Each structure stands twice: as C-alpha cells, then as structure tokens.
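This report describes the domains, sheets, helix packing, ligand surroundings and loop geometry of a protein model. The model is shown first, and the description follows.

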Amino acid sequence: MQSEKPFFMRDHWEYDPEAKPRPRADRRLGLSTRALHAGFHPLRDVAQFRSFVPPIVQSMTYPYECFDKFPDYIYGRSKTPTVSVLEERLAALEGGEACVTASSGSQALFNLIFTMARPGDNIVTSLHVFGEGYKQAATIFPERCHVTFRFVSDPADPKCWEAAIDERTRLVWVETPSNPCLFVTDIAAVAAVAHAHGAPLLVDNTTATAALQKPLELGADIILLSLTKFLAGNATVLGGAIVGPEALVEDIRWNTTEFVGAILQPFEAWLMLQYIETLTLRMERHSANAHKVAEFLARHPKVQHVNYPGLPDHPQRMLAQRQMEAGGGLLSFVVPGGMKGAAKVMDSVQLVVHAVTFGTSRTICMHPPTITHEHLTPEERAAAGIDDGLIRLSVGLEDPEDIIADLDQALARL
Ligand SMILES: Cc1ncc(COP(=O)(O)O)c(C=O)c1O
C-alpha cells in the first residue's frame, strides 16, 4: 500500500504486469552506434555551439523565462543537461524507456529501494549480490526502514524464488553474473515467476553490461548499473544508474534524489560519455583475455577452483551461453591455504594491482572474504561460495600472456 502523498511529491510508480514498455526509436541501431550517438546530435542539440562532443554544462541552476513557466532544467539536484545526455545513452544501451543516474551504484540501489518499498514490504534476492548491496539488505533497510530482504536458498531453482515471494514483495532482485563468484541466474525464469506474483524484476547488469547481456529483452523490468566498473573502465569515476519505466525513473528522480541530492555531477557524466564510446570494443577484449586467463588458472595445479561463466565446468555454462554474448572480464579462483594462501599470491603479483574495484583497463585482484563480503556470516559466505582462499580477478586489457606470466610466478610461490 502506498501512503498518502503530500502535495509537493510527484506520482509514485506502481508496477503493472500488463503494461508493455514503450519501444525505443533507436532500437534498430547497433549497440556500438548507440554507445556513440544516443542522446546527443551535434547539430540538433545545442546547435549554437556546433560541438562535436556533448558539452559539459557546469551550472547548478537554470533561469526561468517567465514567472509561471518551469524551465526543463531547474536545479542541480534533479537533472542537468550533460547528465541527461548520459541518462539517454544508458537507457539506449539497455533498451529501456528512461534512466536516472546516482552518485554511485550503491546509491542507485538505495534510491530505488527507498523510493519503492514501504515499512512491512519485502524484497526477494539471493546471497549472490555485491557486498554493499548485501549490507543495505541485511542491516540498513531492515533496521531503519522495516523493509526486509529474503535470500533464497537455491537461486538456481525458480521454485525457490517463487516460494519466497508474497503479496508484500515489492521487488525481486538478481545480480548476474554475480560479484564475486560469477553465479549466473536465469533471468527469463525468475522474471516469469516474479511477474506471475505481480512483482517487477530488477537485474544488476554491472558485471556483464549491455555489451554482453540485455536483461530487459529477457523479461527484466528494471536495471541497476554501477558506472564505476566496466562502463567507465578505468576507475576515474564513481557513479550509478537505474534504467526502467519512465514513471519509475521520474518517481526516483523527483521523490528521492531531488530531496537528498544523490546525483551524478556534470563533469563525471561527461567523462562517462567519453568512456562509453569504447564499451563494446573493451568488453570484447576483456572477455577474450579473461577467457584465456580462466583456462590457464583451471589447468594450474595450485588452483583449486575457478569461477568463470565461459569455462566448460561452470555449473550454469549453458544458461550463460543463452543469456550472455561472452563470459565478461571478471573471474574468481580459489587457492589452497585459505587466507594465507590468498595473501601469498596477492602479495607476489607484480603487474596485477591489488585494489578494490573491477572493470578497469588494468588487471586488478581483490580478496572478497575480508574486503567486500566480510559482513556475511561464515555460513552465508560458505553458501555463496566465498572461500577464505578466494581471489577476485578483474582481467584488464593488457596482452593476456603478460597477465598469465604474472599470475604464474605468483602462484609458484605457494
Ligand atoms: C555488481 C555490483 N553492483 C553494484 C555495485 C555498486 O557500485 P558502486 O561501487 O558504484 O557503488 C557494485 C560494487 O562493487 C557491484 O559489484
């Protein structure tokens, strides 16, 4: 049930299982073309500048022409022109009606849940979600907003998702492939179950990006993105976005972000626009490199286990082949000796950088059990496959032989 809304708030979005998304005019263009053109035409938009590149409009207020006519842009907490170009481009890539950005991916998730859920509601998800998402789900929302999260016990089984949904379920949330164990969830199957119970499906498309996976085409309703990762591709921008029905996007924009200012700034949006131009090329190379590195690790006698959707022994390989165009740039692997073994390898790498992020042009390693997923109970970590010896590897754009040689010499120290 939605509460009575004060006069200063805009309409809330209600999920309607019958509603068909509005088809995008640019849907016939290829993804690489959309990554370059969507949202900005140098002669049609701001024609007076004749700028080939979308301009950075670094203004936080937008003058009124007359007393009773709202300008398109009013004040920086709701929307600004450069950010709007980025929002249109992200919506075009995902094939969604509209997009609202946020200051980070975690903030985008927070804004979505804070806008949609009311005390007493629940959200159904699994333990295969990023660390800060888990923390919001396990502590912040239940304790402060009385919105509970149900972690399904077997996310590979659509019946488990179905069993967790009830009439107070506001959202079903899937992250696929997941960070850090690359678990692949069947988007179409979970969408069908969610829709049968009147709930929309959110898919976090951060690890695959639209270059490798189109969740909206598979039945999802809403997309969560961390722009910080592959979309930026170099760890210079922190940002996030929600893509989905326009009414939901405007609900988030005007009823949450406008009040708290949880927005992306114009310069960061402008940088993102430059980076996204090469997204499809980069994702091809990330995937090709990660595939080679995963095959090397899978053959290595010191490696106990490798998580990569492109490998033949990945438990959801067939599903990954159906819903993804390639395996992506992220993988994880387990070394013997638990934490000590992981520390030995991570302290021995010379080219690979030990840092907290992924999706960068340079290869990065990180230890999820202590850095991002430390808040899970030991039982939850075990259920999610987060072993103490797990190392997450974001495979970059270097020559793959050099990444492999570096890992080889580090593993030799075990
Ligand atoms: C899958 C996924 N989604 C969302 C986020 C949150 O993104 P940000 O770091 O931009 O807050 C992360 C961060 O690690 C992530 O891994």
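Two strands are taken to pair if DSSP finds at least two bridges between them. Helices (H or I, at least four residues) and strands (E, at least two) are DSSP runs, numbered from the N terminus. The model is predicted: local features need pLDDT of at least 70, side-chain atom pairs count only at pLDDT 80 or more, and totals for chains, interfaces and linings use all residues. Residues are numbered from 1 along each chain as its sequence is written.

**The two sheets**

On these terms, an open sheet of 5 strands has the order β8-β9-β12-β11-β10, and its pairing is mixed. Its edge strands, each pairing on one side only, are β8 (305-307) and β10 (353-354). Strand β8 is joined to β9 (residues 330-334) by 3 bridges, and the two run antiparallel. Within this pair, Val 306 has Phe 333 of β9 as its bridge partner.

Contact between two residues is assigned if their C-beta atoms, placed from the backbone, lie within 7 Å. Axes are lines fitted to C-alpha atoms, for helices over the stretch in contact, and angles run from 0 to 180 degrees between N-to-C directions. Helix α9 (residues 279-299) packs on the sheet and touches β8, β9 and β12 (390-394). Helix α11 (residues 338-348) lies across β10, β11 (364-366) and β12.

A further open sheet is formed by 7 strands in the order β1-β7-β6-β5-β4-β2-β3, again with mixed pairing. Strands β1 (98-102) and β3 (148-151) are its edges, each pairing on one side only. On average, neighbouring strands of this sheet are turned by 20 degrees against each other, direction ignored. Helix α3 packs on this sheet, where it touches β1, β2 (122-125), β4 (169-175), β6 and β7. Strands β6 (residues 222-226) and β7 (residues 240-244) run antiparallel and are joined by 4 bridges; Ile 223 has Val 243 in β7 as its bridge partner.

The directions of the three helices relative to a strand are set out below.

| Helix | Strand | Approximate angle |
|---|---|---|
| α3 | β7 | about 45 degrees |
| α9 | β9 | about 10 degrees |
| α11 | β12 | about 30 degrees |

**Packing of α3 with α4**

Two packed helices are described by the angle between their axes and the distance between the axes. Helices α3 (residues 105-116) and α4 (residues 131-145) pack at an angle of about 40 degrees, and their axes are 10 Å apart. Their crossing is right-handed, a term used where the near helix is turned clockwise from the far one by less than a right angle, anticlockwise being left-handed. From α3, Ser 106, Leu 109, Phe 110 and Ile 113 meet Glu 132, Gly 133, Gln 136 and Phe 141 of α4. The residues of this contact divide into 4 nonpolar, 3 polar and 1 charged. In this classification Ala, Val, Leu, Ile, Met, Phe, Trp, Tyr, Cys and Pro count as nonpolar, Asp, Glu, Lys and Arg as charged, and the others, Gly among them, as polar.

**Domains and their contact**

The domain assignment, automatic or taken from a database, gives domain 1 (25-276) and domain 2 (280-411). Their C-alpha centres lie 26 Å apart. The contact takes 32 residues from domain 1 and 36 residues from domain 2. On the side of domain 1 that touches domain 2, the elements that give two or more residues are α1 (31-37) and α4. The largest share of that side, 4 residues, comes from α4. By class, the same side has 19 nonpolar, 10 polar and 3 charged residues.

**Ligand surroundings**

Which residues are closest to the ligand? Of the 14 residues that surround the ligand, the closest are Ser 104, Gly 105, Ser 106, Phe 130 and Ser 226; a residue is included if its C-beta atom, placed from the backbone, lies within 6 Å. The shell has 2 nonpolar, 9 polar and 3 charged residues.

**The loop between β4 and α6**

Pro 177 lies in the loop between β4 and α6 (187-196), and the peptide bond from Thr 176 to Pro 177 is cis, with omega near -15 degrees. Pro 180 lies in the loop between β4 and α6 as well; the peptide bond from Asn 179 to Pro 180 is cis, with omega near 10 degrees. Leu 182, in the loop between β4 and α6, has a positive phi of about 55 degrees although it is not a glycine.
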